[in-house]
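Student: I should like to learn how to read the features of a protein model. May we go through one together?

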Amino acid sequence: AYIMNLFRNSKSVLKSGLEYFKTYSYNDFLEDVKKNHIFSNPQKLCALANMIEIAMIDGTYDRTEQEMIENFVSFMEISRTDYNSILNLLLTKNNISIFE
């Protein structure tokens, strides 16, 4: 539902993304993006933020999700500072237990 909402105004992007997802592995995706310089730096950060948000949407951030995101950060050469800033912001945003 999160992904569908994210691309609600761009059905063609969603469709091509789903076709890519069905055809290639996550590692293929990482290698393809890096090799072909598909993402600009702002696009890498946006993708990272959305990946973390999706990983946290069920209330957990498990080891497998963390490893996938760490691989993305490494492959895309995202700085630790940028990664930690995004992660901490989303951890704060999603910690609604503070209102209990």
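Tutor: Let us begin with a term. A residue counts as exposed when its relative accessible area is over 50%, and as buried when that area is under 20%. Please keep in mind that this model is predicted.

Student: Is Glu 77 buried or exposed?

Tutor: Glu 77 has a relative accessible area of 60%, and therefore it is exposed. This residue is found in the loop between α5 and α6. Its phi is near 55 degrees, a positive value in a residue other than glycine.

Student: Which loop holds His 37, and what is the phi of that residue?

Tutor: His 37 lies in the loop between α3 and α4. Its phi is positive, about 50 degrees, although His 37 is not a glycine. With a relative accessible area of 68%, His 37 is exposed.

Student: How many helices and strands does the protein have?

Tutor: The secondary structure comes to six helices and zero strands. Along the sequence, the pattern reads α-α-α-α-α-α. Of the 100 residues of the protein, 22% count as buried.

Student: How should one read a nonpolar core?

Tutor: In soluble globular proteins, nonpolar side chains tend to be buried together. Here, the largest nonpolar core has 17 residues, and those that touch the most other members are Leu 48, Ile 52, Tyr 61, Ile 69, Phe 72 and Tyr 83. Two or more residues are given to this core by each of α3 (26–35), α4 (41–56), α5 (63–75) and α6 (80–93). The largest share, five residues, comes from α4.

Student: Which residues does Ile 69 touch, leaving aside those up to four places away in sequence?

Tutor: With that exclusion, Ile 69 touches Tyr 26, Leu 48, Met 51, Ile 52, Ala 55, Tyr 61 and Tyr 83.

Student: How does one describe two packed helices?

Tutor: One gives the angle between their axes and the distance between the axes. In this model, α3 and α5 pack at an angle of about 20 degrees, with their axes 10 Å apart. Angles under 35 degrees count as roughly parallel, so α3 is roughly parallel to α5. The crossing of α3 past α5 is right-handed.

Student: Which residues make the contact between α3 and α5?

Tutor: From α3 come Tyr 26, Phe 29, Leu 30, Glu 31 and Lys 34, while α5 provides Met 68, Ile 69, Asn 71, Phe 72 and Phe 75. The residues of this contact divide into seven nonpolar, one polar and two charged.

Note on methods. Residues numbered from 1 in each chain as written. Predicted model: local features only at pLDDT ≥ 70, side-chain atom pairs only at ≥ 80, totals over all residues. Heavy atoms only, no water. Core = buried A, V, L, I, M, F, W, Y, C linked by side-chain atoms within 4.5 Å. Buried < 20%, exposed > 50% of the residue type's maximum accessible area, 1.4 Å probe, protein only. Helix = DSSP H or I, 4+ residues; strand = E, 2+ residues; numbered from the N terminus. Contact = heavy atoms within 4.5 Å. Axes fitted to C-alpha atoms, helices over the stretch in contact; angles between N-to-C directions. Parallel < 35°, antiparallel > 145°, perpendicular 65-115°, else oblique. Left-handed = near helix turned anticlockwise from the far one by under 90°. Nonpolar A, V, L, I, M, F, W, Y, C, P; charged D, E, K, R; others polar.
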